[in-house]
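Colleague: I've got a new model open and I'd like to learn how to read it properly. Could you walk me through it, feature by feature?

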Amino acid sequence: MTVLLALALGYTGLTCLALGMKRHHQELLGRKPTEARLRLFKTIGWLLLLATTAACLMLWPLGLALSMVPVLVTLVGLPLIFLLPYQPTLARHLAWALPLVAGGLAVAGLG
Amino acid sequence: MNGSLRQSMAWLHTWSGLLLGWLLVAVFVTGTSAYYREEISLWMEPELHQSTASDDTMDLAWQTLGRIAPEARSWDISLPDARNPAVQLRWQPAGEEQPRQGGGRNRGEQAWMDAGSGEVLTPRETRGGHFLYRFHFELYGVPRLWARWLICVATMFMLVAIISGVITHKKIFKDFFTFRPGKGQRSWLDAHNASAVLALPFHFMITYSGLLLFMVMLMPWGIDAAYDGDRRAFFDEAFPRSTEAPGPAGEPADMVAIGPLAAATAARFERPVSRIEVQHPNRENARIRISVEQDVAISGRRRGGSPTQVFQGSSGDLLETIEPREAPTPLMGKVYNVMTNLHLVRFADPLVRLLFFFSGLAGSAMVATGMLLWVSKRTQQLRRQQPGAALKLVNGLNMASITGLLAAIGAYFAANRVLPATLAERSSWEIRVFFLVWLTSLVHGLLRPHRRGWIEQLAVITVLWLALPFLDMVTTDSHLFSAAAWRLGALAGFDLICLLLGALWGYALWRVAKPKPDKRKPARAREPALAEGNA
């Protein structure tokens, strides 16, 4: 289950990075962002990608884990890119729903 | 200055990409299938599907080898695992060892055994997933060395295309998440960029490690110069391992039962036994080597490194315990191992394999979108004029290399189920079907007009891939609604992936065939379909 959590964190991280860019911020949230908000989203995005890396390190030994981070980011990034123009609302909601679901499954799997 | 560099790089990227793209799509697609070559081979040998391991499996293998190869110089038993339900038996027949054609060790005789009953199984003759795997680095029917050189050069140009593509890309970070649908050439460019930039680490790794694997194969001169032509010495230094030569066979003698020895080894290493090798079976100097599977570290190498116990065959005494350890590997050997292990996915972890499989699909989509972009750009420049011969040629080749290859692979799988099991040269016929379908799609692609051609070929591959699981139901007992398919996972997985991919081709067909207000750029709607396949 932890790999789902890693994937979900990666997805949310990338979505936050997109929200840290003016154009996508406007598309997704429908209003002009302030510089501070953009910076905030960028920071959260990078922190979440760090969390993805941490999840990979828990899943696999060091060398393999570091190789798997870009693979996971690619696999969640591609659907995100195509969700943005077609289903922006879905893309936004997935960003908070996916980690919750994956986290819930991970807890249930552990418990 | 900057502009002219970018222009020359764009030129290099366009033409190296186009000319080698046709080959690279095939390399990427068949290479992606190679992640599951054992599963594909298993699917293509339904005679092995009903085999189930039990506590008696080792004793049965012992008895069966004793019956069919009592005089052999050595036995080699590979026990069932998560990826294979049957027992593979190998043995070296008595007498002088015959050197294998083309050098290397003779692998001797081979047979499959039902793990539950001990019966010798004769699966239908097929090359299985091995054919696709081999195709991805040495094609087929071409002299091996030439083909490898060709693919090595293509791989080098892939690296060139990756680097020149990055330089050409104007706004790599600003456009990171950008996809603008419904804009013809613009959309293809976005799709190409998205799949290329996001997966750049994967593409670079797979290309560079591919070149590394070719290095030793094709350019041994550096090694030859440094080691006076003794390549073995190079490998011994880079990857040290212990070897022992077996002595002559002794007097005939009975061996002890294998069960207790295997149980002892399994208990010692706390893992199930995976392989049993016997030197001089049924002789007084018989040696039994029992190994368990070991997880490979990413910088390590499986060969020779498995935890093993060696027993005296006639008495059952423990002679040696080889601990689970990595052979000490020098730094350069480690770098080589990391790269090649990643390329070959030499890990036991099925999850990693699945993630790499999807990355491979993304890579295939990247090359394919690049080639479709080339056509889309030039079609747009036509402004309602008739396309010229060159454009028609490129489009036909695109069709053959994308939909044509998928049709050929689907037909290869279907032929495995349809061709009679007793047909002479059966495995060659499967391969002939593969190439005949591919050739037909090329001719069709060159003759049919642009949009009609795509629609027809997409329709064919949709029907073909969706039909595979149903063909399975008619011809085998291990289809989606059987216990055997789910017990083995790989078989159910194969059918499910066929359904998934078939649905994907169907979606692409629907997008292309849907009437559009602007008919000048018909093929543009495919990239969302490709993208969802990567998800």
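Modeller: Let's begin with burial. A residue counts as buried if 20 or more other C-beta atoms lie within 10 Å of its own. Keep in mind throughout that this is a predicted model.

Colleague: Fine. Is B:Asn282 buried or exposed?

Modeller: B:Asn282 has 20 other C-beta atoms within 10 Å, so B:Asn282 is buried. You'll find B:Asn282 in the loop between E5 and E6 of chain B. B:Asn282 also has a positive phi of about 60°, although it is not a glycine.

Colleague: Which other residue in that loop should I look at, and what is its phi?

Modeller: Try B:His280, which isn't a glycine either but has a positive phi of about 50°. B:His280 sits in the loop between strand E5 (273–279) and strand E6 (287–292) of chain B. B:His280 counts as buried because there are 22 C-beta neighbours inside 10 Å. As for chain B in general, buried residues make up 40% of its 535 residues.

Colleague: Next, the strands. How do I read a sheet?

Modeller: Start with the strand order, then see how the neighbours run. In chain B eight strands form an open sheet, ordered E4-E3-E2-E1-E5-E6-E7-E8, with antiparallel pairing. At the edges are strand E4 (120–121) and strand E8 (318–322) of chain B, each pairing on one side only. Besides its eight strands, chain B has 18 helices.

Colleague: Can we zoom in on one strand? Which residues make up the covered face of strand E2 of chain B?

Modeller: Here's the general idea: in a regular strand, side chains alternate between the two faces of the sheet. Now the case itself: strand E2 (residues 87–92) of chain B has B:Val87, B:Leu89 and B:Trp91 on its covered face. The uncovered face carries B:Gln88, B:Arg90 and B:Gln92.

Colleague: And what does E2(B) pair with?

Modeller: On the one hand, strand E1 (residues 74–78) of chain B, antiparallel, over five bridges. Within that pairing, B:Ile77 has B:Leu89 as its bridge partner, and B:Ser78 has B:Gln88. Five bridges also join E2(B) to strand E3 (residues 109–113) of chain B, again antiparallel. There, B:Arg90 stands opposite B:Gln110.

Colleague: How do I read the domains, then?

Modeller: Look at the residue ranges, since a domain may be made of several segments. In chain B, the assignment gives domain 1 as 2–45 + 130–215 + 349–534, and domain 2 as 50–123 + 240–322. Seven residues of domain 1 and five of domain 2 take part in the contact between them. On the domain 1 side, helix H2 (37–43) and helix H16 (483–488) of chain B each supply at least two residues. H2(B) gives the largest share, three residues. By class, that side has four nonpolar, no polar and three charged residues.

Colleague: What about contacts within chain B as a whole?

Modeller: Check how far apart in sequence the partners are. Of the chain B contacts between residues at least 6 apart in sequence, 70% join residues at least 24 apart.

Colleague: Now the two chains. How many residues does each give to the contact?

Modeller: A general note: the size of an interface is often given as the accessible area lost when the parts come together. Here we can count residues instead: 28 from chain B and 22 from chain A. The elements giving two or more residues on the chain B side include helix H6 (185–198), helix H7 (200–218) and helix H12 (350–382) of chain B. H12(B) has the largest share, seven residues. The chain B side divides into 22 nonpolar, four polar and two charged residues.

Colleague: Does a record say anything about chain A?

Modeller: An unreviewed UniProt entry places "transmembrane region" at residues 44–62, 69–87 and 93–110 of chain A. In the model, residues 44–62 are 89% helix, with end C-alpha atoms 24 Å apart. Residues 69–87 of chain A are 95% helix, and their end C-alpha atoms lie 26 Å apart.

Colleague: Last one: which element of chain B has the lowest mean pLDDT?

Modeller: That's H18(B), at 41, while helix H14 (residues 426–447) of chain B has the highest, 95. Over residues 519–535 of chain B the pLDDT is below 50. Chain B averages 84, with 88% of the residues scoring at least 70. The model scores ipTM 0.90 and pTM 0.86.

Technical notes: Residues numbered from 1 in each chain as written. Chains lettered and ligands numbered in written order. Predicted model: local features only at pLDDT ≥ 70, side-chain atom pairs only at ≥ 80, totals over all residues. Domains from an automatic or database assignment. Contact = placed C-beta atoms within 7 Å. Helix = DSSP H or I, 4+ residues; strand = E, 2+ residues; numbered from the N terminus. Nonpolar A, V, L, I, M, F, W, Y, C, P; charged D, E, K, R; others polar. Buried ≥ 20, exposed ≤ 12 C-beta atoms within 10 Å, placed from the backbone. Pairing = 2+ DSSP bridges. pLDDT = per-residue confidence, 0-100. UniProt positions renumbered as here; feature names shortened; annotations may be inferred.
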